[in-house]
Amino acid sequence: MIKCNTCPAGMTPYTVRSGDTLWAIARSNGTTVDEIVAANPGIDPDNISIGQQLCLPFTGEIYPMCRIGNYYVVRGDIDIETIAAYFGVTVDMLTKNNLGIDPQVLFNGQVLCIPVAPSPVRIEIGGGKLRVIHKNGGETGCEVEGELSGDACIITKQLNIGVSGARILNLSDGGAISGRSSGYGGVVVPDADMDALFNLAPVGTQVIRV
């Protein structure tokens with residue numbers, strides 16, 4: 001069983017990648033080495049290893065509006081009831097997790113935070129293709145570049161509002177699924193498909209190599 005998040009509330013999981021140092025991780029995630037060491041008792045700050053999971057203190061600058069990293073970008077004429085039904089949460093949960101929104105007036109490009117709930121999809125990647133298997137049995141998909149190193153799950157989501165395709169799904173195996181515009185690498189998805197995938201797949205989604 002893949003553990004999608006073993007960090008306590010208020011912490012964001014991070015998997016150490018090749019070339020990482022604690023100082024670089026702290027700098028890119030808006031925290032400090034001392035705060036990371038305090039959040040990970042027993043860690044050797046001078047000896048971290050690839051694949052090691054760290055718990056990073058939450059910073060609003062990196063994850064605006066959403067402590068759990070489950071962003072959803074409103075597209076087109078969609079209402080809050082439809083969004084809630086898709087993700088298996090209630091409208092009340094959505095409103096409480098997005099203080100200040102008017103649930104009756106959503107606008108294109110608005111960013112919502114989706115509370116943790118069982119994922120409505122799973123993702124399969126292999127042979128240059130990505131398939132999204134929906135909970136109702138339907139499927140969507142697209143062609144991709146790159147392959148998974150193994151089965152994983154989405155542990156965090158990064159969003160750069162205003163940059164098409166700059167959406168990144170960080171995986172528990174240290175890899176990522178990203179849009180071409182992000183320049184991040186990993187499994188690379190066409191930008192338009194990445195925008196849709198970012199919305200459909202919340203934190204905790206299983207990503208399977210086939």
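1. Which residue caps the N-terminal end of helix α3? In this predicted model, the cap is D79, which places a side-chain oxygen 3.2 Å from the backbone nitrogen of E81. At the other side of the element, α3 is followed by G88, a residue whose phi is positive, with a value near 70°.

2. The helix itself spans residues 80–87, and its buried residues are I80, I83, A84 and F87. Viewed down the axis of α3, these buried residues fall within an arc of 95°, so they line one face of the helix. The cover over the buried residues of α3 includes β3 (71–73) and α4 (91–96), and it also includes β4 (111–113) and α5 (191–200).

3. I80, which lies in helix α3, deserves a separate remark. Is I80 buried or exposed? I80 counts as buried because its relative accessibility is 0%, and the cut-off for that class is under 20%. When residues up to four places away in sequence are not counted, I80 touches V91, L94, I101, P103 and L106. For I80 and T95, which are 15 residues apart in sequence, the C-alpha to C-alpha separation in space is 9.1 Å.

4. A second residue to inspect is N40, whose place is in the loop between α2 (33–39) and β2 (53–57). N40 has a relative accessibility of 10% and therefore counts as buried, given a cut-off of under 20%. A polar atom of the side chain of N40 lies 2.8 Å from the backbone oxygen of I36. Leaving aside residues up to four places away in sequence, N40 touches L54 and C55.

5. Strand β12 (residues 206–209) can be described through its pairings with two strands. With strand β5 (residues 121–126), β12 pairs in the parallel sense over 3 bridges, and within this pairing the bridge partner of I123 is V207. With strand β8 (residues 152–159), β12 runs antiparallel, and 2 bridges join them; here V207 is the bridge partner of A152. V207 of β12 is thus a bridge partner both of I123 and of A152.

6. On the cysteines, how many disulfides does the structure hold? The structure holds 0 disulfides. C142 is buried, with a relative accessible area of 14%, and C153 is likewise buried, with a relative accessible area of 0%.

7. For the chain as a whole, the secondary structure comprises 5 helices and 12 strands. Of its 210 residues, 45% count as buried. Among the contacts in the chain with a separation of 6 or more, 58% are accounted for by residues 24 or more positions apart. The chain exposes about 10400 Å², and carbon and sulfur atoms supply 53% of that area.

8. To draw the points on α3 together, the helix has a cap from D79 at its N-terminal end, is followed by G88 with its positive phi, and has buried residues that line one face. I80, one of those buried residues, has contacts that include V91 and L94, while α4 (91–96) is among the elements that cover the buried residues of α3.

How values were computed: Residues numbered from 1 in each chain as written. Predicted model: local features only at pLDDT ≥ 70, side-chain atom pairs only at ≥ 80, totals over all residues. Heavy atoms only, no water. Buried < 20%, exposed > 50% of the residue type's maximum accessible area, 1.4 Å probe, protein only. Helix = DSSP H or I, 4+ residues; strand = E, 2+ residues; numbered from the N terminus. Arc of directions from axis to C-beta. Contact = heavy atoms within 4.5 Å. Polar contact = N/O pair within 3.5 Å; in protein donor to acceptor, adjacent residues only side chain to side chain. Disulfide = S-S within 2.5 Å. Pairing = 2+ DSSP bridges. Areas by Shrake-Rupley, 256 points an atom, 1.4 Å probe, with all protein chains shown as cover.
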